[in-house]
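Visitor: I am new to this structure and would like to learn how its features get their names. Could you take me through them slowly?

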Amino acid sequence: MNSQDFVYGDGEVVTASFEKDGETIRVTVGEKQFELRPVGTNLYATTINGARSHLAVVKSKGVYYIDFDSVLLEVKEPSELGVAGGAGDHGAEKDKIYAPMPGKVVKILVAEGDRVDVKQPMVIVEAMKMENQVNAKAKGTVRAVNFAEGDQVDTESPIIELDLEEQ
Amino acid sequence: MVKMEKLFNKIMVANRSEIAIRVMNACRVLGIPSVAVYSDADVNSKHRLYADEAVYIGASPPRESYLDMSKIIDAARETGCDAIHPGYGFLAENPRFAQLCADAGIVFIGPTAEAIRLLGNKVESRIKMAEAHVPLIPGMKSTNDDIALFRRAADEAGYPVMIKAAAGGGGKGMRIVHDAKDLEPSIEAARREAKNAFDDDTVYLEKYIVNPRHIEFQILADQHGKTVHVFERECSIQRRHQKIVEETPSVALDDAMRAKMGSDAVKVAQAAGYTNAGTVEFLFDESGHYYFLEMNTRIQVEHPVTELVTGTDLVVEQIRIAAGLPLSEALSHLTQRGHAIECRIYAEDGENDFFPSTGTIVHYSEPVGPGIRVDSGIMAGSDITIDYDPIMAKLIVHAPDREMAIRKMIDALNEYKILGVKTSKKFMIDVLKHPAFAAGKTFTSFIETNMANRQTDLESFKEIAVAAATAASLSSSSTTAAPGGGRSASATPWQVMGSWQIGDGIHE
């Protein structure tokens, strides 16, 4: 048995042991064992609890993209740890409000010095022709508003920054 | 085979992605060459490669390409097109564009500019339909910027009320207001969205019908005064007021109700002087009353479900009508055979409030089998950008009955593999598996009622995800592609499309 480390979710390192038997790949992860048989480019068949599933997996730029029974999953290689992520990777930063995707600021709903509550609407960003409202993730006071209405924003520069209230 | 008369010399398809390809397919079966238009973002797009010819029309922002009327008409002239099909979205419901085509001596495959203008104005069309005795939702009969007028109309109709864009569609510029204090900010937001989406910030207000179904009727009308309906589609499963799952027949209609609504739909089209294909939308409430919502003056995203149960080709009919042919006798004697369901495949995160998702498609493979149809605008390597609407493809299934159609759809969604951007496949499977869906309790509130607390526990997929990554890491280190099934992820457009071509192929 060989083994290899992967990174799942918020950075958990998970070890897989595996062996190849002809085309079939047997993988053990923790308590669970899987048999995957290739059925096409990037496609594998596997049977879990008696039910057969097709899964698709492909690696691109250090990320494994997976569709298992329509659940979309991502696994990274350990070397990819610490690489700056794109949109949606700011989950832990409750004091900064980011655009969910690149777009245009159509309305700033708070001003510097405003006290804001959890889930309070902060800014409306338009992308893909839809208005997306971004809400506060924590209680606090607005420290800075870095963009104005009409500005283009990406997902890496905080639109609004908060001084969080002590919990 | 009898050689059919060619209806047009060449058709320009003034659109992109899946609907452009769908229209080109109709051109092919009629033996008419098609011409694509494309922007910078679509240089390598499937629709560009699919057409017999393609013309570059400008930068990625729609205003500089797909919405630029003079560029499109010039391109049609230069390539010798005598007709333009607008698809849906972009210029499809723009009366000025229809008029410009007419002025340039090019046939616009759709209704007249006047019919588009009338039906595109929700306020004017309400007045017209009231005269034709079609049932309407109570609400404003005129509109202006006076907030007091909105307040009065809201008080008369009773809350909740709905703010809608007069030029609207697709959920843009639309707001539900439950409380008088929210009225003004909602009007403001709806106006902003309407201005951006339609370049017209006129909004109006009507009573919000609680827990309705969305049922619409497909209409075909020729230029010789004949109008027929091609039955209903139920499109009640919506998120952010946009349809994601559509089906036909509707479980809510019996034959008597179907005939009554169908005949009202025909009345709507006739009152508007409508020609070509169109869709009359109704809200259908819990007590079996229905109200005219609007008429969409274009081919609809969800048209394939109608095609599968009736054996028609609605885009072919559009082209025939535009060429001046009368509706065939057979269209008056259609029946609904079996059940069809469509799922829209948007680039959006079904696990995160349907936020739009962007990226490159790193794997693409379609489901195959009897009664499975994929209308797709993407392939492996396609970039999904923020420039355009996030619809990538539509998956449509047809089966002898609803129960089988639901199972077939779940299976087909699971076999439809698109990697690199998020989709709502899992979300739609959970909708289809829900007992309320099976029971036909499909109301426009379905998602908030039944799916609000839905979550996929990603932790429970940790092991299979890592096992899949292991398999991929093993196969990528080998030099040969994985053996087995014939559905290749890296299929070129030519493999996807098959080998046939009309005319001289691509010459740009």
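Guide: Let us begin in a loop of chain A, the one between β6 (51–60) and β7 (63–68), where Lys61(A) is found; strands here are DSSP runs of E of at least two residues, helices are runs of H or I of at least four, and both are numbered from the N terminus. Please keep in mind that this is a predicted model, in which local features need pLDDT of at least 70 and side-chain atom pairs count only at pLDDT 80 or more, while totals for chains, interfaces and linings use all residues. Residues are numbered from 1 along each chain as its sequence is written, and chains are lettered from A in the order in which they are written.

Visitor: What makes Lys61(A) exposed?

Guide: A residue is exposed if 12 or fewer other C-beta atoms lie within 10 Å of its own, buried if there are 20 or more, and partly exposed in between, with C-beta atoms placed from the backbone. Lys61(A) has 10 other C-beta atoms within 10 Å, and is therefore exposed. Lys61(A) also has a positive phi of about 50°, although it is not a glycine. Most residues other than glycine have a negative phi.

Visitor: Why is Asn211(B) called partly exposed?

Guide: Asn211(B), which lies in the loop between β8 and β9 (213–221) of chain B, has 14 other C-beta atoms within 10 Å, so it is partly exposed. Asn211(B) is not a glycine either, yet has a positive phi of about 55°.

Visitor: How do you know that the buried residues of α6(B) are on the same side?

Guide: In this helix, residues 122–131 of chain B, the buried ones are Lys122(B), Ser125(B), Arg126(B) and Met129(B). They cover an arc of only 110° around the axis, which puts them on the same side of α6(B); the arc is that of the directions from the helix axis to the C-beta atoms. An α-helix has 3.6 residues a turn, so residues three or four places apart point the same way.

Visitor: What do the buried residues of α6(B) pack against?

Guide: They pack against elements of chain B, namely α5 (113–120), β6 (161–165), β8 (203–207), α9 (255–271) and β13 (290–296), where a contact requires C-beta atoms, placed from the backbone, within 7 Å. Just after α6(B), His133(B) takes a positive phi of about 60°.

Visitor: Which residues does a cis peptide bond with omega of about 0° join?

Guide: That bond joins Tyr159(B) and Pro160(B), and Pro160(B) is found in the loop between α7 (147–157) and β6 of chain B. Another cis peptide bond, with omega of about -5°, joins Thr248(B) and Pro249(B). Pro249(B) lies in the loop between β11 (242–248) and α9 of chain B.

Visitor: How do you know that β3 and β4 of chain A pair?

Guide: Two strands pair if DSSP finds at least two bridges between them, and β3 (residues 24–29) and β4 (residues 32–40) of chain A have 5 bridges in the antiparallel sense. At one of these places, Val27(A) has Phe34(A) in β4(A) as its bridge partner.

Visitor: In what order do the 8 strands of chain A close into a barrel?

Guide: The order is β1-β2-β3-β4-β5-β6-β7-β8, with antiparallel pairing.

Visitor: How many residues of chain B are in contact with chain A?

Guide: There are 52 residues of chain B in contact with 53 residues of chain A, and α16(B) gives the most to the side of chain B that touches chain A, with 15 residues.

Methods: Two residues are in contact if their C-beta atoms, placed from the backbone, lie within 7 Å.
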